[in-house]
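Trainee: Could you take a close look at the nonpolar core of this protein with me? I would like to know what it is built from.

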Amino acid sequence: YGCWTGTNLVSAAGNCCINAPQNNFISITGVVTQPICTDSCTGSIIVQANGGTPPYLYNWVGGPIANTYSNLCPGIYTVIVTDANAISASQIYTIINPAPIVTNITQTACFSYNFNGTIITSSGTYTDTFMSAYGCDSTVILNLTINTLNNAITQAANTLTAVENGATY
């Protein structure tokens with residue numbers, strides 16, 4: 001896991017070492033917390049340097065000078081760690097946009113259906129957004145079939161006939 005000579009050296013751990021002696025490289029480990037909700041900026045990364053000579057300076061490209069970077073939107077983040085001897089290493093982390101929460105429901109009802117307080121009387125596909133247990137928007141897609149019954153009858157002399165096909169009285 002040492003670094004090799006050259007302008008930019010790469011260790012077997014994937015860290016870029018700049019001017020690092022063979023036995024004095026810096027390794028960076030991190031814990032990534034991904035956002036719970038789609039398109040939210042609630043991710044975070046906490047990193048810890050090892051090797052080299054403490055103390056370490058943590059510098060996120062375009063971000064804070066700290067070992068923790070919070071309130072992250074989906075994207076790619078790079079941290080550069082420099083030790084007391086000006087030896088540096090970098091590591092790249094990715095915050096991933098989680099998939100939207102979508103639930104598909106297929107339902108059949110007679111005459112009408114109550115969908116989140118809305119009475120629906122026609123077959124079709126309906127969409128509504130709810131708040132999930134995590135506080136995220138959750139989409140429900142309802143594929144609804146409304147069965148109706150024609151309860152009319154016709155009379156021919158003494159015979160009554162159901163107008164609804166297949167129905168009998």
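Mentor: Happily! The largest nonpolar core has 17 residues, and those with the most contacts inside it are Ile 28, Ile 45, Val 47, Trp 60 and Val 81. A nonpolar core here is a set of buried Ala, Val, Leu, Ile, Met, Phe, Trp, Tyr and Cys residues joined through side-chain atoms within 4.5 Å, and buried means under 20% relative accessible area with a 1.4 Å probe, protein chains only. At least two residues of this core come from each of β3 (26-33), β4 (43-51), β5 (57-60), β6 (68-72), β7 (75-82) and β8 (88-95). Strands are DSSP runs (E, at least two residues), numbered from the N terminus. Another core, of seven residues, lies apart from it, with Phe 115, Ile 120, Leu 142 and Ile 146 among them.

Please keep in mind that this is a predicted model: local features need pLDDT of at least 70, side-chain atom pairs count only at pLDDT 80 or more, and totals for chains, interfaces and linings use all residues. Residues are numbered from 1 along each chain as its sequence is written, and side-chain values use heavy atoms, leaving out hydrogens and water.

Back to Trp 60: leaving aside neighbours within four places in sequence, its contacts (heavy atoms within 4.5 Å) include Ile 45, Val 47, Tyr 69, Val 79 and Tyr 93. In soluble globular proteins, nonpolar side chains tend to be buried together.

For the wider setting, the protein chain has zero helices and 15 strands, and buried residues make up 28% of its 169 residues.

Technical notes
Helices (H or I, at least four residues) and strands (E, at least two) are DSSP runs, numbered from the N terminus. Buried means under 20% relative accessible area, exposed over 50%, partly exposed in between (1.4 Å probe, protein chains only).
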